[in-house]
Amino acid sequence: MNSSTKRPVAWLVIVVLTSLTALTVEACASAPAQDGSERVSLDAYAEWRRDDTIIVDGQRVRTGAATTFEGERARQFSEIQLGDEVRLTGVRLGDGSVLATELEAKVNGSALFEGDVRAATDEIEALWLKEGMMFEPKEDGGREVIGTMVTSGPKLARVERITRRMLPPYLPAEAVRVHVVETDEWNAAAMGNGAVWVYTGLIDELSDDELAIVIGHELAHFTHEHSRRGARSGLLTQLLGLGALVAAEAIDNDVLRTSAQVAALLSMTATLSNYSRNHEDQADRVGLRYVSEAGFDVGQGPHLWARFRDKYGEQNPLVNFFLGSHSRPTDRIRNIERELALNYR
Ligand SMILES: [Zn+2]
């Protein structure tokens with residue numbers, strides 16, 4: 001067994017052992033307070049500074065005399081840095097912004113699972129690019145081809161242009177890589193290493209504004225580290241479900257011929273199909289902010305999801321990794337309309 005076949009085993013062991021103690025993250029919770037004002041909890045990143053607000057979780061956050069700053073990183077509003085991890089509770093104001101009552105900013109350091117998610121997804125990205133196709137390994141060693149890679153031309157250039165425009169300012173441009181997959185399905189995906197995959201079905205049929213909404217959603221999964229944050233709830237379940245595939249001795253037999261195939265199976269199940277409902281809703285909120293800051297039309301959101309509903313219905317397993325654990329399209333349209341009313345009117 002060479003070192004490249006050992007690595008996934010070590011990764012599995014680490015994941016299984018540490019999953020048990022990882023925290024589950026509630027992305028954005030809100031509830032009415034006794035006085036009728038809406039209480040808001042956010043757990044996200046500081047992404048833009050706009051006048052006297054910072055953008056966290058797509059929301060405009062203010063601080064005031066009543067704000068308590070926790071931790072050492074930021075003792076006042078001006079000390080919060082873009083890219084910082086920010087947790088806060090507050091109340092919704094009449095203009096839709098959030099007044100923080102307690103706020104903690106932290107450097108976005110390397111967290112539990114982050115390196116594991118990155119290593120596994122780097123492997124699958126490299127494998128798909130090398131083979132010139134996106135595919136899922138089957139348990140019998142075969143391949144389920146999703147589509148071939150489009151490595152040049154106007155479709156790739158268009159998706160690149162839209163994506164680049166939407167990156168938040170603290171993120172280095174090289175952190176995100178855009179790939180186009182030839183298939184008529186309407187789908188897109190993001191990996192924990194910054195690889196974003198967009199299907200030609202969407203590129204051919206959506207406007208730039210609509211495409212931006214889809215890509216913004218995917219970018220938010222990456223910037224908000226949903227693969228890592230979902231590791232406890234999702235990955236462990238997936239691992240247990242995979243049964244024999246995760247047994248160490250299986251690595252040496254023909255069923256799992258290469259370490260890349262192991263990584264492929266795991267990283268796809270973990271990163272492409274397993275975001276929680278909370279993470280999906282957060283990706284919608286943050287994604288709309290990316291769309292808006294880039295100058296695309298966030299108002300197209302409800303119409304876009306109505307188009308998805310028309311095409312695939314309320315529930316469709318075909319599009320599970322984009323729509324999978326998400327609110328049904330009808331709920332999603334309602335959520336997005338609320339978000340537009342709070343933040344973009
Ligand atoms: Zn999603």
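How many bridges join β4 to strand β7, and in which sense do the two strands run? There are 2 bridges, and β4 and β7 (residues 98-106) run parallel. This report works outward from that pairing. The model is a predicted one.

**Overall content**

The chain holds 12 helices and 12 strands. Of its 345 residues, 43% are buried. Long-range contacts feature strongly in the count: among contacts between residues at least 6 apart in sequence, 69% join residues at least 24 apart.

**Strand pairings**

Strand β4 has another partner, β3 (residues 53-56). The table lists the pairings with one facing residue pair for each.

| Strands | Sense | Bridges | Residues opposite each other |
|---|---|---|---|
| β3 and β4 | antiparallel | 3 bridges | Ile55 and Arg60 |
| β4 and β7 | parallel | 2 bridges | Arg62 and Leu99 |
| β2 and β6 | antiparallel | 7 bridges | Leu42 and Leu88 |
| β6 and β7 | antiparallel | 8 bridges | Val86 and Ala105 |

The pairings share members. Strand β7 is joined to β4 in parallel and pairs with β6 in the antiparallel sense. Strand β6 (residues 85-92) is also joined to β2 (residues 38-50). Side chains in a regular strand alternate between the two faces of the sheet.

**Two hairpins**

β3 and β4 form a hairpin with 2 residues between the strands. Asp57 lies in that loop. The phi of Asp57 is near 60°, a positive value in a residue other than glycine. Is Asp57 buried or exposed? Asp57 counts as buried, because 24 C-beta neighbours lie inside 10 Å.

β6 and β7 form a hairpin as well, with 5 residues between them. Here the positive phi belongs to a glycine: Gly96, in the turn, has a value of about 90°.

**Helix α5 and the residue after it**

The 16 residues of α5 should span 22 Å at 1.5 Å a residue. The end C-alpha atoms of α5 are 21 Å apart, which agrees. Burial is extensive here: 14 of the 16 residues are buried, so α5 is largely enclosed by the rest of the structure.

Just after α5 comes Glu225, with a positive phi of about 55°. Glu225 sits in the loop between α5 (208-223) and α6 (226-229). Like Asp57, with its positive phi, Glu225 is a residue other than glycine. Glu225 counts as buried because 20 other C-beta atoms lie within 10 Å, and 20 is the cut-off for that class.

**Helix α12**

Helix α12 covers residues 329-343. At 1.5 Å a residue, its 15 residues should span 21 Å, and the end C-alpha atoms are 21 Å apart, which agrees.

Which residues of α12 are buried? They are Pro329, Arg332, Ile336, Glu339 and Asn343. These residues cover an arc of only 75° around the axis, so they lie on the same side of α12. On the other side, Thr330, Arg338 and Ala341 are exposed.

The cover over the buried residues of α12 includes β4 (59-62), α9 (277-293) and α10 (301-312). This brings back β4, the strand joined to β7.

**How α10 meets α12**

The axes of α10 and α12 come within 9 Å and cross at roughly 175°. That angle is over 145°, the limit for this class, and the two helices are therefore roughly antiparallel to each other. On the α10 side, the contact is made by Gly301, Pro302, Trp305, Ala306, Phe308 and Arg309. On the α12 side, the contact residues are Pro329, Thr330, Arg332, Ile333, Ile336, Glu337 and Leu340. Among these, Pro329, Arg332 and Ile336 also belong to the buried set of α12, while Thr330 is exposed.

Arg334 is in α12 too. With 14 C-beta neighbours inside 10 Å, Arg334 counts as partly exposed, because its count falls between the limits for exposed and buried. How far apart are the C-alpha atoms of Arg334 and Pro302? They are separated by 7.8 Å, although the two residues are 32 residues apart along the chain.

Note on methods:
Residues numbered from 1 in each chain as written. Predicted model: local features only at pLDDT ≥ 70, side-chain atom pairs only at ≥ 80, totals over all residues. Helix = DSSP H or I, 4+ residues; strand = E, 2+ residues; numbered from the N terminus. Expected span 1.5 Å × (residues − 1). Buried ≥ 20, exposed ≤ 12 C-beta atoms within 10 Å, placed from the backbone. Arc of directions from axis to C-beta. Contact = placed C-beta atoms within 7 Å. Pairing = 2+ DSSP bridges. Axes fitted to C-alpha atoms, helices over the stretch in contact; angles between N-to-C directions. Parallel < 35°, antiparallel > 145°, perpendicular 65-115°, else oblique.
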